[in-house]
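Trainee: I would like a close look at one part of this model. Please take me through a hairpin and then through whatever surrounds it.

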Amino acid sequence: MKNVLVIFGGVSSEHDISLLSATSVIRNIPKDKYLVYMLGITKEGQSYLYGGDYENLADDKWLSNSALLKKALISSDRKDHGILVFDDEGYSLVHIDVCFPVLHGKNGEDGTMQGLLTISGIPYVGCNVMSSAVCMDKAMTNSICDVVGIKQAKWKYTTKYVFYENPDSFIEECADYLGFPCFVKPANAGSSVGINKSYDKKSLFEDLEYAFRFDERVVVEETVDGRELECAVLGNEEPIAGAIGEIVALHDFYDYDAKYVDDSTKLFVPADIPEEKADEIQAVAIKAYKNLACSGLARIDFFLRNSDGEILLNEPNTIPGFTNISMYPMLMKEIGIEYTDLIDRLLMLAMERQND
């Protein structure tokens, strides 16, 4: 039996979503193959080995009973290959065979946790340091996809420093090149955190100011009149694509509330699109996955433009949501990979990559 460490929480605007995803992951880990250890990270950055019921993760209920918490850290010593757990007597070492960092957004999905796990020598689910960092950063993702010929919405990019040097100039550039409405996005944020739709120059300025609260770098994209489609990808050197799903949000766009809070958003699996269009999207998803050096898993999101049927890359997500309403496991189930088998495959892929 392998020891698997599930990391949840984190210092991120997506902390609460991580708790929901981790609950689902832990619930579905094959208990006949893996002994689960749970490492929680608070919003302030403290980390604890949690010995209670995983059903209490939501709303940070896991923090309510201090008797179930032990201070713990991932050891950077590769000989330890595990976590250091502290108590009044000192500390003990828990060997970890593989880790599933169920951490969305900053300080978890952006290469930071992947860097620590790489130093520790512990295999982990998902993309490596470089790929995680690149895919988290919308400006970097867009730049690479432009180079390799993957079509996207038109976009502009700026930093907080450059923008405030001459805000009028950047706003004019966006108005001329992208038009209105357009979308303002922090370069490094997930779950639509910090994103707004701008309808004129005044709201664009306000939305840029708001986005800079979440990141020093911001991307502005044209609005695409089209359908929002998603494709799950699984694997290392020879990845496979899952089914295509469609998001239909009653909100103005697929924002944080539409994803996680209310139930007005409709998910369609599989999406009602022609087979040849689904094949095309899967092919582009695999191309993006490989060119962005992804491994393990990613959900690749697209627009299907209404005017001409053009497929445009929206963004990759290297640790997509794993809640009960999340698209990634649903798309894999559609091609015959059940949730428990999916988790097992991801853990095996992590150990396989480590042994290459």
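Mentor: We start at the hairpin formed by S2 and S3, which has five residues between its strands. Glycine 45 sits in the turn, and its phi is positive, about 100 degrees. Keep in mind that this is a predicted model.

Now look at the pairing. S2 and strand S3, residues 47–50, run antiparallel and share four bridges. One place to find this is isoleucine 41, which stands opposite serine 47 in S3.

The loop between these strands also reaches elsewhere. Lysine 43 joins aspartate 16 in a salt bridge, side chain to side chain, at 3.7 Å from N to O. Aspartate 16 belongs to helix H1, while lysine 43 lies in the loop between S2 and S3. The two are 27 residues apart, and the pair links distant parts of the chain. The structure has 17 salt bridges.

Turn to the other partner of the hairpin's strand. Strand S1, residues 2–9, pairs with strand S2, residues 34–41, in the parallel sense, and eight bridges hold the register. Leaving S1, the chain passes through helix H1, residues 15–28, before it enters S2. This β-α-β crossover is right-handed. Two bridge partners are easy to pick out. Lysine 2 is matched with tyrosine 34 in S2. Phenylalanine 8 is matched with glycine 40 in S2.

A general point helps here. Strands of a sheet pair through backbone hydrogen bonds, in either the parallel or the antiparallel sense.

Step back to the whole sheet. Seven strands make an open sheet in the order S6-S5-S4-S3-S2-S1-S7, and the pairing is mixed. Strand S6 (90–95) and strand S7 (98–101) are the edges, each pairing on one side only. On average, neighbouring strands here are turned by 35 degrees against each other, direction ignored. Helix H2, residues 112–120, packs on this sheet. H2 touches S1, S2, strand S4 (69–74) and S7, and its direction makes about 75 degrees with that of S4. H11 lies across S1, S2 and S7. Its run is at about 120 degrees to S7.

H11 also meets the crossover helix. The axes of H1 and helix H11, residues 339–354, come within 9 Å and cross at roughly 95 degrees. H1 and H11 are therefore roughly perpendicular to each other. Ser24, Val25 and Asn28 are the H1 residues in this contact. They meet Tyr339, Thr340 and Ile343 of H11. By class, the contact of H1 with H11 has three nonpolar residues, three polar ones and no charged ones.

Beyond S3, one residue deserves a glance. Aspartate 60 is in the loop between S3 and S4. Aspartate 60 has a positive phi, about 60 degrees, although it is not a glycine. Most residues other than glycine have a negative phi, and most peptide bonds are trans.

That last point leads to two prolines farther along the chain. The peptide bond from phenylalanine 180 to proline 181 is cis, with omega near -5 degrees. Proline 181 lies in the loop between helix H6 (167–177) and strand S9 (182–186). The bond from valine 269 to proline 270 is also cis, with omega near -5 degrees. Proline 270 lies in the loop between S14 and helix H9 (275–291).

S14 brings us to another sheet. Five strands form an open sheet in the order S14-S13-S12-S15-S16, with antiparallel pairing. Its edge strands are S14 (266–268) and S16 (311–317), and each pairs on one side only. Neighbouring strands of this sheet are turned by 30 degrees against each other on average, direction ignored. Within the sheet, strand S12 (residues 226–235) and strand S15 (residues 296–305) pair over 10 bridges. Arginine 227 stands opposite leucine 304 in S15.

One more helix pair, for practice. The axes of helix H3 (residues 129–136) and helix H4 (residues 138–147) come within 5 Å and cross at roughly 100 degrees. That makes H3 roughly perpendicular to H4. Val134, Cys135 and Met136 in H3 meet Lys138, Met140, Thr141 and Ile144 in H4. Five residues of this contact are nonpolar, one is polar and one is charged.

How values were computed: Residues numbered from 1 in each chain as written. Predicted model: local features only at pLDDT ≥ 70, side-chain atom pairs only at ≥ 80, totals over all residues. Heavy atoms only, no water. Pairing = 2+ DSSP bridges. Right-handed = clockwise from strand over helix to strand, strands pointing away. Axes fitted to C-alpha atoms, helices over the stretch in contact; angles between N-to-C directions. Parallel < 35°, antiparallel > 145°, perpendicular 65-115°, else oblique. Contact = heavy atoms within 4.5 Å. Nonpolar A, V, L, I, M, F, W, Y, C, P; charged D, E, K, R; others polar. Salt bridge = Lys/Arg side-chain N within 4 Å of Asp/Glu carboxyl O.
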